[in-house]
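Hi everyone, thanks for coming. Let me put the model up on the screen, and then we can walk through it together.

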Amino acid sequence: MSGGTPETAATPAAGHPRLGLTRDRRRILYAFAAAVLLFVLGEIVHPGFASLDSVEAILTVATFVGLVAAGQTFVVLIGGIDLSVPWVLNGASILMVTSSLGQDDRAAYGLVVTLGMGALAGCVSGLGITVLEVPAVVMTLAMNGIMEGLTLGLSGGLTCETCASYAPPLVQQAVHGSLLGMPTVLLLWLVVIVLVSFVLNRTSFGRQTYAIGNNVMASYLAGVNVRLVTVLLYMLSGIFSALAGIVLVGFGGQASLGMGNPYLFQSIAAVVIGGVYILGGRGHYLGSAAGAISLVALISVLMALNMPEYGRSIIYGVVILVLLLLYGREEAER
Amino acid sequence: MRIDAVRAAPRRSPALHWITQNIGLILVFVVLAAAIVLYAGIYWLQQDALPGNFELTSTIDNTMPLAMSAVGQTIVVLTRGLDLSVGGMMDLANSLAAVHMKEGPGSMVLWTLLVLAAGAAGGLCNGLLVGYGRLQPILVTLATLSIFQGIALFILPDPGGAIPPAYTAILVNTGQPYALLYLVAVGLFWYAFRRTAIGVSVVAIGNDENAARANGINVIRTKIIAYTLSGFFAAAAGLCLAATATAGDATSGNGFTLTSIVAVVLGGVSLFGGRGSAVGSLAGAFVTTMIVNVLFFSHIDPLYQSFYEGLFLVVAVVLGMAIRRILKRRRS
């Protein structure tokens, strides 16, 4: 990577390439290595774990996390965070079935309305953060509550007549089907990975994102429209949460309450495992994607071991702590 | 800015000075008073009477868990950190108490102390990881949240267990608002704590960590103590929650991670550290409860509750910042 990239802005110690790789790229490699290791481990404790079908199933589940993590990566890169994921996702899944009523000819309308809702929620969060200067943690937390209240209230606690609708068969087939010998969900994720990486690394919008994450004041003085970029990033996060909601409801057929809850923790964990710096300015979506895969692989290994919920929960936390201690540490004080 | 304040001080009346210094605290008490008046008004319209002792007691009892967790959260937020593990620690305290506490003063005292010690120990882990590990507080406590929740589920896999009725009577007496005494005690603790070296250090590192370090403050030790106290108060909150519910549930504390942050923010504590008071957070906790009460009595569909809470949170934060900005402009 050349001039103006985040790596050069990091501390001198970060600049020493090992194995000819920058620190950021090493971390992506670690995250992928962890995923591979977990698959090997899974195969050892539970033969058949690394079979093609099983890997495909795990990657499909990882896609849901990965889509949300895409949005989370965008906002974490500017030192923000999106806590509104659970109910934007849940609201989107319910809006998808209630707007399309399970009819194929309404599927396109449902998709547009649902993604638009995600964009709107993100836009409001972004405006609150930039114009009203509410801290991102508070603003997105409040947005989560607002979306929860609206979703529960408008759907009558998911008791409305249209709430029991299924996702349009077209969407269900698209999610379950395969294209060019590959499951469509994975193909979708691949496209998202390529697009997001392209936007972040090869466009001025991406450069501006990294710039804001490294130094807001400097980027403002350099002519970056900080407010606009910030609002757009939160909109992207909302859109990706909504997209995950659509894919999830297409996968499961029907919407349910609370289906978004696991994705807040998992998306942040994926971002962290992938080596994206939580205070912004460093990291790549490829890392978050690898993080999502290793996270879901870890959960699957623990499930294969018949690990009860409490054990999974503890191991989850310990793994994140170990990863943080390995590479999440800040520079020592001067 | 601080130099300006010193220079301007002689020209300003002491009263105005006090107001600008404590604006966050004043705002939250004004909001609380407004909420109480609104609540009493709606209550009067519905019931043709003013809320009495029963309403006062149940409001205080219901707020106790949130109030306790908010005090711990305040100390961490003042250091410019965030403790997301509060909910997990409350789960842990809740299930420990529900499984082990038996009738009889010996068991109740012993397990109260053990649970509080467990909370302090959990907080100590957070503090060590944040202080010596130099890790981001939000990530450390997200990880320990998961760990604490896991341990809580291990101790009490299914909701159940029982809290001795005597314990409930001591901690959150349903007949009389005795719980107020604990709140007063916490308030007194805060005023004492704020004047200790540690209390000053907590605010100092929240304002400017490097400057505090340059002035000889032991940043790592201060952070460790702050997180330990947060764990301690979270455990106390978990005990209150168990006492109000009279039974254990290893997941009932989960929501308090976020509501404790809401109470702190409503209480006028700056999420950027160094500014605020635990007394404000206590008031913030009561504002949160009063909103729920007002919504309940105005017959608003409870399904919309989170919507109004979220909206109120944003409005309160924006208004608070606007008033602070106006005062600052007048000062300079």
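What does chain B average in pLDDT, the predictor's confidence in each residue, from 0 to 100? Chain B averages 87, and 95% of the residues score at least 70. Before going on, some housekeeping: this is a predicted model, where local features need pLDDT of at least 70 and side-chain atom pairs count only at pLDDT 80 or more, while totals for chains, interfaces and linings use all residues. Residues are numbered from 1 along each chain as its sequence is written, chains are lettered from A and ligands numbered from 1 in the order in which they are written, and side-chain values use heavy atoms, leaving out hydrogens and water.

Back to confidence. Within chain B, the lowest mean belongs to helix α1 (residues 2–8), at 52, and the highest to helix α12 (residues 219–245), at 93. Chain A averages 84, with 91% of the residues at 70 or above. Please treat residues 1–15 of chain A with care: pLDDT stays under 50 there, and the model has 17 contacts (heavy atoms within 4.5 Å) beyond four places in sequence for this stretch. For the complex, the predictor gives an ipTM of 0.81 and a pTM of 0.85.

Now the folds. Chain B has 15 helices and zero strands, counting DSSP runs numbered from the N terminus, with helices as H or I of at least four residues and strands as E of at least two. Chain B has a radius of gyration of 20 Å, close to the 20 Å of the globule rule for 332 residues, so it is as compact as a globular protein of that length. That radius is taken over C-alpha atoms, and the rule is 2.2 Å times the number of residues to the power 0.38. Chain A has 15 helices and two strands. Its radius of gyration, 20 Å, agrees with the value near 20 Å for a compact globule of 334 residues.

So to the interface. How many residues does each chain bring to the contact? Chain B gives 41 and chain A gives 43. The area buried between them is about 3,600 Å², with carbon and sulfur atoms giving 76%; buried area here is the accessible area (1.4 Å probe) that two parts lose on being put together, summed over both. B:R134, B:L139 and B:L303 supply 17% of what chain B buries against chain A, more than any other three residues.

What about charges? There is one salt bridge between chain B and chain A, meaning a side-chain nitrogen of Lys or Arg within 4 Å of a carboxyl oxygen of Asp or Glu. B:R325 pairs with A:E133, the closest N and O atoms being 3.3 Å apart.

On the chain B side, α7 (137–155), α11 (209–214), α13 (256–266) and α15 (305–331) each supply at least two residues that touch chain A. Among these, α7(B) gives the most, with 13 residues.

Over the three salt bridges of the whole structure, B:R325 lies in helix α15 of chain B and A:E133 in the loop between α6 (107–130) and α7 (136–154) of chain A, so that pair joins two chains.
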